[in-house]
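Here is a short note on how one helix packs against its neighbours, written for a colleague with the coordinates open.

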Amino acid sequence: MSEFSERLTNLRENKGWSKTYVAKTIGLSSMQTYANWEYGRTEPDLETTAKLANLFNVSTDYLLGRKTPDNNDIDLDRAIDNAMSFDGKPVTEHDRKMMKQLWKAYMAGKE
């Protein structure tokens, strides 16, 4: 298993998503194509790698094994994934970005 396939698998499992969900979300017609990336049989092209990075909120460098993500971002993403907005609806991407900005500003002010 390559570092790319391991990171892809870990990111998906940490989100609790199925391979089918990820494949459909990035516009693949076949889940098997995505599964082959996780199994290390093939790798996506650059455009699709960028789609995956955006979906998982990581850099393409991280997916390719060049650097590790900021652990604070991972923990914050996990917390946001488990959060609900005040009206009981799932957190939107806009809400997610705002929550991250507010939290980072708050933590920076504490130092």
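The points below take the basis of the model, then two helix pairs and one side chain.

1. This is a predicted model, in which local features need pLDDT of at least 70 and side-chain atom pairs count only at pLDDT 80 or more, while totals for chains, interfaces and linings use all residues. Residues are numbered from 1 along each chain as its sequence is written, and side-chain values use heavy atoms, with hydrogens and water left out.

2. Helix H1 (residues 3–15) packs with helix H4 (residues 46–56) at an angle of about 35°, their axes lying 11 Å apart. On the H1 side, Phe4, Leu8, Leu11, Arg12 and Lys15 meet Thr49, Leu52 and Phe56 of H4 (contact means heavy atoms within 4.5 Å). By class, five of these residues are nonpolar, one is polar and two are charged.

3. With helix H3 (residues 31–38), the axis of H1 comes within 7 Å and crosses at roughly 120°, which makes H1 oblique to H3 (angles under 35 degrees count as roughly parallel, over 145 as roughly antiparallel, 65 to 115 as roughly perpendicular and the rest as oblique). Phe4, Ser5, Leu8, Thr9 and Arg12 of H1 make this contact with Tyr34, Trp37 and Glu38 of H3, and the residues divide into four nonpolar, two polar and two charged.

4. Is arginine 7, which lies in helix H1, buried or exposed? Arginine 7 counts as buried because its relative accessibility is 11% (buried means under 20% relative accessible area, exposed over 50% and partly exposed in between, with a 1.4 Å probe and protein chains only). A polar atom of the arginine 7 side chain lies 2.5 Å from the backbone oxygen of tyrosine 62.

Key:
Axes fitted to C-alpha atoms, helices over the stretch in contact; angles between N-to-C directions. Helix = DSSP H or I, 4+ residues; strand = E, 2+ residues; numbered from the N terminus. Nonpolar A, V, L, I, M, F, W, Y, C, P; charged D, E, K, R; others polar. Polar contact = N/O pair within 3.5 Å; in protein donor to acceptor, adjacent residues only side chain to side chain.
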